[in-house]
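Subject: A structure for you to look at

Hi,

Here is the structure I promised to pass on. Please have a look at it first, and then read my notes underneath.

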Amino acid sequence: MDDVCKKLNSQNLQNPVGQSLCQKHQQVPKLFCEEDQTFLCIACTKGQEHAAHTIFPIEEAALKCRKKLQDTASRLRTNIGEWKDLKSSKKHKRSKWRKLMRGEYAKMHRFLYEEERLCIVQDEWKASINQHVKNMEDTIWKINETRSRPDLDFLEESKEILQTSESLLSEKPKSFTLELRDYAITGMKDWLKRFRVNITMDPTTVRGSVVVSEDLKSIKHREDDCPDQPNNPEKFPYYFVFGQQAFASGICYWEVDVSEQPQWALGISTKSRRQRTYYSVRYMLCCEKRGNDFYLITRPGLVFQQMKEPIPKIGIYLDYTEGSLMFYNAIKYSLLYGMNTIPLTEHVRPLFSPCPPMPGSRVGPMTICPVEDSS
């Protein structure tokens, strides 16, 4: 440090224009302390404050700092390149991954489209009927057009027209029987279970000859007090029990085991207002046995659908906001029926009703499935 000071003493210490003086000694700063990053005059170096510090003339310190900044800039440029390479690599990998995912979803879309096509193939009978009607209409037009031809041409063309007509007339119209089709919808099980809610029955709403279990999960008819069933299935007595939970928003889903109930009714109950009076409204899916066949019937009465066999577990999906109530086969996760645009303005409660046993038969309970049940 002494050599640096002697060298600076021999130089002109006049204050260059605009340069600040050392506030402590009122001398021109000629030195730079590397540790404290401060400017010093020669007098500042004679104390103990900077005795152990590294001191450089300002010009040398500036040159050293410029070189350091230049090296830093070079390192930053190298680092920028590395980060850009990383970005490019990640972008490439992400692009490749997105392409793979789009490919997988495209396959799923094609699969679901084909699945949907198979589910609604019953509508193809409409196209078949339309085509047959058109063929007959075209033949009638040919008959009318041919009748005005000269006899020779008429006899020559009529043979083919008659053959076509006989072929068309040989096909008799067949009635279309609406039968429940069990088509599982891929992914429906996992999607529905996202909205599972815990439902319990409200024993205070019990009416008639039904009894609710202690855990509030099951309901059945009393064996010693079952009403006689009329011959007309439409007059079966429905004794309803409501759920304790009430819903006024969102989506919820619950499942009910009806494997021991050949006949049942499930759905929701709400209130509607007409002028100043509130009255109860029920939206239900019912299973009724008529003869040897089972039928799904909706209340209000919109659907009368035959089933191949009873369904052991029913899923009920309610979207309050959309006014949508859907019923599913909760074994195959296929759609049974859906009610849309239901005018919901009041709280909605689940609805349960086991039908009385048929003469000479015994039935078990109708049971709400536990939320954790994934079977």
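Let me start at the surface of this predicted model. Trp97 has a relative accessibility of 54%, above the 50% cut-off, so it counts as exposed. You will find Trp97 in helix H2, which covers residues 58–119. Together with Leu100, Met101 and Tyr105, Trp97 makes a nonpolar surface patch of about 450 Å².

For the overall picture, the chain has 5 helices and 16 strands. Of its 375 residues, 33% are buried. The chain exposes about 25100 Å², and 53% of that comes from carbon and sulfur atoms. Among contacts with a separation of 6 or more, 61% are between residues 24 or more positions apart.

Now to the strands, beginning with S7. Residues 251–257 form strand S7, and 5 of these 7 residues are buried, so the strand is largely enclosed by the rest of the structure. Which strands does S7 pair with? One is S12, residues 313–319, which pairs with S7 in the antiparallel sense over 7 bridges. Within that pairing, Trp254 has Ile316 as its bridge partner in S12. Another is S16, residues 366–368, joined to S7 by 2 bridges and also running antiparallel to it. There, Val256 stands opposite Ile368. As a reminder when you look at the side chains, those of a regular strand alternate between the two faces of the sheet.

Ser353 is worth a visit too. This serine sits in strand S15, residues 349–354. Is Ser353 buried or exposed? Its relative accessibility is 0%, so Ser353 counts as buried. The Ser353 side chain reaches the backbone oxygen of Tyr239 at 3.3 Å. Leaving aside residues up to four places away in sequence, Ser353 touches Tyr238, Tyr239, Phe240, Trp264, Ala265 and Met366.

Finally, a loop residue. Ile185 lies between helix H4 (151–170) and helix H5 (188–193). With a relative accessibility of 29%, Ile185 falls between the 20% and 50% cut-offs and therefore counts as partly exposed. Which residue, 148 positions away along the chain, has its C-alpha atom 6.4 Å from that of Ile185? That residue is Tyr333.

Happy to go through any of this with you.

Best wishes

Note on methods: Residues are numbered from 1 along each chain as its sequence is written. This is a predicted model: local features need pLDDT of at least 70, side-chain atom pairs count only at pLDDT 80 or more; totals for chains, interfaces and linings use all residues. Side-chain values use heavy atoms; hydrogens and water are left out. Helices (H or I, at least four residues) and strands (E, at least two) are DSSP runs, numbered from the N terminus. Buried means under 20% relative accessible area, exposed over 50%, partly exposed in between (1.4 Å probe, protein chains only). Two strands pair if DSSP finds at least two bridges between them. Patches are made of residues with over 30% relative accessible area and no salt bridge: like charges are joined within 9 Å, nonpolar side chains (Val, Leu, Ile, Met, Phe, Trp, Tyr) within 5 Å. Accessible areas come from the Shrake-Rupley method with a 1.4 Å probe; for residues, only the protein chains shown count as cover. A salt bridge is a side-chain nitrogen of Lys or Arg within 4 Å of a carboxyl oxygen of Asp or Glu. A polar contact is a pair of N or O atoms within 3.5 Å; within protein, one must be able to donate a hydrogen and the other to accept it, and residues adjacent in sequence count only if both atoms are side-chain atoms. Contact means heavy atoms within 4.5 Å.
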